[in-house]
Amino acid sequence: MAKEPGIAIEKVALDEVTVEPCRGCNACEVLNKCVQRDDMDVLHDKIVEADCVIFASPVYCLGICAEGKALVDRAQVFRSRKYVLKLPVVPPERIGKRLGIFISSAGQNWDIVFDGAKMSIGCFFHVTEIKNKDILYLLVRGVDKAGEVETHPTARAEAQATGRKAVERLREMHR
Amino acid sequence: MNRMEPVTVLGISGSPHRHGNTETLLDAFLDGAKEAGGDVEKILLKGLGSAPCQGCNACHKTGACVLEDALLPLFDRILVADVIALASPIYTMGITAEMKGFVDRSQYLWAQKYILKTRYYTREHIRRHKGIFISTAGTGWENVFSSAFPIMTAFFDIMGFEYHDNIIAKDMDRWKGIRNHPTALSEAGEKGRRVVVEVARLKEGGEAPPGKGVQKEGKKGARRPGKKER
């Protein structure tokens, strides 16, 4: 995607920033913001401003990793804004013009290995005004060892195809 | 049965929120377990200062975790407990980040069991060790616990516990809290009593047949550190 004209990419590694877990205090249902001050302040704005949000997490023990879950849970502020306070999460003209991509890999080959992860990620995208039909998935099973995804027979081609599809969809949305 | 050795019950709370719905449900379970003679303790994951799994896979070779924090002694204690109750509310259709971080750190035991084959539980051992999942959820959606169940299945399997039961209550937003739920707390207490009685009975059944020794290293004389958090 990065090589496409008119596309600016930014990657944030959650292990290099601080996103504390949600405290479950429900204060955001009243305050419309989180009581915790950490790097989520910056990520919150980036998530709102982006046309495409790509969430990448491995599957550990049949769910997304703890760092990813912390970010997803901190999206509670969007949920409160949308469903409790009934305020816009993004300006109305941008609804339907946001794309989400969930990228994941799992060591096991089981059919169900991404099911739990997809439930949480689906919620994350819904509360950030990314519709179900606008979520792309890039999921690779059976890669357990370091670097194994590099030698996976189809992973690279699937990743490139997902990138192309994302650019195409974004161009359609913003035509 | 050695009457000096009660059924040990470890409750692990993965909620960041003190005395909320899930912890209250866990407390009801632990109270029931205590009434039935269990030696119960509650541990709060929040504040343990434990790091999430780094996915370094070092344990696949060594069977040990490179992170040395409060979770390793906790795993040691779980391995010698008779009953464990993992309690986490549902946040965004899954267990909390605290609980997920804890579960993921069991990877070194998974590696011992499935890669290095140095860890093995007899059928009898698994039958005598009961794992229980305790949870509450704000919404009443049918599938609200669906992503949590497979995680618990994997965790109890790694730890050598039978996945004995769920103590779950959804629709907390509508009930306005667990205390207003008509049956959840009394059921949790009843399940706490019942599981202790059942495990006591299984322990009374004597040791496993010869050649199928139950691995319970360090159980006798092990002093459990830490103050009770109740």
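Trainee: Which residues of α9(B) are buried?

Mentor: In this predicted model, the buried residues of α9(B) are Ala184(B), Ala188(B), Gly189(B), Gly192(B), Val195(B), Val196(B), Val199(B), Ala200(B), Leu202(B) and Lys203(B).

Trainee: What puts them on the same side of α9(B)?

Mentor: Around the axis they cover an arc of only 160 degrees, so they lie on the same side of α9(B). There is a simple rule behind such patterns: an α-helix has 3.6 residues a turn, so residues three or four places apart point the same way.

Trainee: Nice. And which residues are exposed on the other side of α9(B)?

Mentor: There you will find Arg194(B), Val197(B) and Arg201(B), which are exposed.

Trainee: What do the buried residues of α9(B) pack against?

Mentor: Quite a list, all in chain B: the strands β1 (8-13), β3 (83-87), β4 (130-136) and β5 (162-169), along with the helices α1 (21-35) and α6.

Trainee: How do you know that the span of α9(B) agrees with its 21 residues?

Mentor: Set the expected value against the model. At 1.5 Å a residue, the helix should span 30 Å, and its end C-alpha atoms are 30 Å apart, so the two agree.

Trainee: Let's turn to the loops. Why is Lys117(B) called exposed?

Mentor: The cut-off for exposed is over 50% relative accessible area. Lys117(B) has 60% relative accessibility, so it counts as exposed. This lysine sits in the loop between α5 (107-115) and α6 (123-128) of chain B, and has a positive phi of about 60 degrees although it is not a glycine.

Trainee: What makes Lys176(B) exposed?

Mentor: The reasoning is similar: with a relative accessible area of 66%, Lys176(B) is exposed because the cut-off is over 50%. Lys176(B) belongs to the loop between α8 (172-175) and α9 (184-204) of chain B. Its phi is positive too, about 60 degrees, although Lys176(B) is not a glycine.

Trainee: Now the interface. How many residues does each chain bring to the contact?

Mentor: Chain B brings 30 residues and chain A brings 25. About 2000 Å² is buried between the two chains, with carbon and sulfur atoms giving 61% of that area. In chain B, Thr92(B), Ala97(B) and Lys100(B) lose the most area to chain A, together 26% of what that side buries.

Trainee: How many salt bridges and polar contacts are there between chain B and chain A?

Mentor: The salt bridge count is zero, whereas ten residue pairs are in polar contact across the interface. The largest share of the side of chain B that touches chain A, six residues, comes from α4(B).

Notes
Residues numbered from 1 in each chain as written. Chains lettered and ligands numbered in written order. Predicted model: local features only at pLDDT ≥ 70, side-chain atom pairs only at ≥ 80, totals over all residues. Heavy atoms only, no water. Helix = DSSP H or I, 4+ residues; strand = E, 2+ residues; numbered from the N terminus. Buried < 20%, exposed > 50% of the residue type's maximum accessible area, 1.4 Å probe, protein only. Expected span 1.5 Å × (residues − 1). Arc of directions from axis to C-beta. Contact = heavy atoms within 4.5 Å. Buried area = accessible area lost by both parts, 1.4 Å probe. Salt bridge = Lys/Arg side-chain N within 4 Å of Asp/Glu carboxyl O. Polar contact = N/O pair within 3.5 Å; in protein donor to acceptor, adjacent residues only side chain to side chain.
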